[in-house]
Amino acid sequence: MSQIALILAGHGSHISPNTAGIVWRYVDQLRRWGVADEITACFWKEEPSFSHVLDTVTADTIVIVPVFTAQGYFTQTVIPTEMGLDGAITHKNGKTIVYTPTIGEHPYLETIVQQRVSDALSNENLNPDDTAVAVIGHGTRRNKSSRDATRHQASLIREGKLVAEVVDVYLDDDPDIPSLYQSTSSKNVIAIPYFLAEGSHVAIDVPEALGIEYGNYPDTIKGRNVYYTPPVGTDD
């Protein structure tokens with residue numbers, strides 16, 4: 001009988017163990033559920049690497065899931081190059097390799113993002129008419145499509161009329177994170193990191209760009225009350 005291997009491909013980090021840690025937690029849960037014969041992970045910044053992980057599984061069919069919030073440079077260029085993938089389906093060394101969309105493109109992410117907004121409004125007793133939401137993505141100037149998923153989440157909140165103002169801003173692209181203070185005017189700002197783990201970006205880089213102290217919410221910046229939610233990937 002043909003066996004199936006599932007590989008979760010994440011970014012990893014030399015700075016924070018949480019970045020790869022959340023991917024390994026996903027692996028542990030999937031193993032408990034027994035969804036495939038072999039289940040493992042690979043990373044750009046940590047071991048096992050993208051380029052070597054295929055040698056660690058023996059199954060005839062391999063399913064690779066990019067654990068990223070959006071299609072972009074890593075999912076469209078780095079992973080396919082490092083793994084020798086031809087596209088959605090690759091036949092290589094007698095194996096069939098299936099490359100899926102990113103988990104950030106799954107429709108359930110919409111539910112998580114909107115729940116982050118609803119929870120902040122309810123828990124902090126905020127007036128929606130005096131509240132702005134900033135959905136914060138990573139982005140990259142190397143691939144403009146990396147903004148698409150974040151922009152989509154912002155548009156859904158805007159269409160749902162959950163708050164007075166909604167913007168999408170980026171850590172490594174335009175519009176940048178500090179610009180939200182010019183593009184919105186509401187007294188309250190709910191900042192939602194569209195990231196998967198509480199790694200260095202979520203704990204250091206994004207708070208620094210927002211001008212807030214990580215773990216101290218609400219923080220007051222430029223006369224605005226800033227509420228910083230958990231990243232979307234930590235949702236159970």
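I take two rings of Phe, Tyr or Trp, the last by its six-membered ring, as a pair if their centres lie within 6.5 Å. With that cut-off I looked for groups of rings. Trp44, Phe50, Phe68, Tyr73 and Phe74 form one aromatic cluster. I note at the outset that this is a predicted model.

**Entry 1: aromatic pairs**

I counted the pairs next. The structure holds 7 aromatic pairs. I picked out Trp24 and Phe43, whose rings form a tilted pair. Their centres are 5.8 Å apart, with 55° between the planes. This pair links distant parts of the chain. Trp24 belongs to helix 1 (residues 17–33) and Phe43 to strand 2 (residues 38–43), 19 residues apart.

Are these two rings buried or exposed? I found Trp24 partly exposed, at 28% relative accessible area. Phe43 is buried, at 1%.

I then turned to Tyr73 and Phe74. Why is this pair edge-to-face? The planes stand at 75°, and planes over 60 degrees apart count as edge-to-face, so the pair earns that label. The ring centres are 5.5 Å apart. Tyr73 is partly exposed, with 26% relative accessibility. Phe74 has 15% and counts as buried, because the limit for buried is under 20%.

I also logged a charge over a ring. Arg147 lies over the face of Tyr170, 6.0 Å from the ring centre.

**Entry 2: helix 2**

Which residues of helix 2 (residues 73–83) are buried? I listed Phe74, Thr75, Val78, Ile79, Pro80 and Met83. I checked what they pack against. The partners are strand 1 (4–10), strand 2, strand 3 (61–66), strand 4 (89–92) and strand 5 (95–99). After the helix comes Gly84, with a positive phi near 70°.

**Entry 3: the sheet of strands 1 to 5**

I traced the order of the strands as 2-1-3-5-4. These 5 strands form an open sheet with mixed pairing. Strand 2 and strand 4 stand at the edges. Each has a single partner strand, so one side of each has no neighbour in the sheet. Direction ignored, neighbouring strands of this sheet are turned by 20° against each other on average.

I followed one pairing in detail. Strand 1 and strand 3 pair in the parallel sense over 6 bridges. Leu8 stands opposite Val65 in strand 3. Helix 1 lies across strand 1 and strand 2. I read its angle to strand 2 as about 170°.

**Entry 4: the sheet of strands 6 to 10**

Here I found another 5 strands in an open sheet, in the order 7-6-8-10-9. The pairing is mixed. Which strands stand at the edges? They are strand 7 (165–170) and strand 9 (219–221). Each has a single partner strand, so one side of each is left without a neighbour in the sheet. The twist averages 30° from one strand to the next.

How many bridges join strand 6 (residues 131–137) to strand 7? I found 6, and the two strands run parallel. Ile136 has Val169 of strand 7 as its bridge partner.

I finished with the helices on this sheet. Helix 3 (residues 108–123) lies across strand 6 and strand 8 (188–193). Helix 3 runs at about 145° to strand 8. Helix 4 (residues 148–159) lies across strand 6 and strand 7. Helix 4 runs at about 175° to strand 7.

Methods. Residues are numbered from 1 along each chain as its sequence is written. This is a predicted model: local features need pLDDT of at least 70, side-chain atom pairs count only at pLDDT 80 or more; totals for chains, interfaces and linings use all residues. Side-chain values use heavy atoms; hydrogens and water are left out. Rings of Phe, Tyr and Trp (its six-membered ring) pair if their centres lie within 6.5 Å; planes under 30 degrees apart count as stacked, over 60 as edge-to-face and the rest as tilted. Helices (H or I, at least four residues) and strands (E, at least two) are DSSP runs, numbered from the N terminus. Buried means under 20% relative accessible area, exposed over 50%, partly exposed in between (1.4 Å probe, protein chains only). A charge sits over a ring if NZ of Lys or CZ of Arg is within 6 Å of the ring centre and within 35 degrees of the ring normal. Contact means heavy atoms within 4.5 Å. Two strands pair if DSSP finds at least two bridges between them. Axes are lines fitted to C-alpha atoms, for helices over the stretch in contact, and angles run from 0 to 180 degrees between N-to-C directions.
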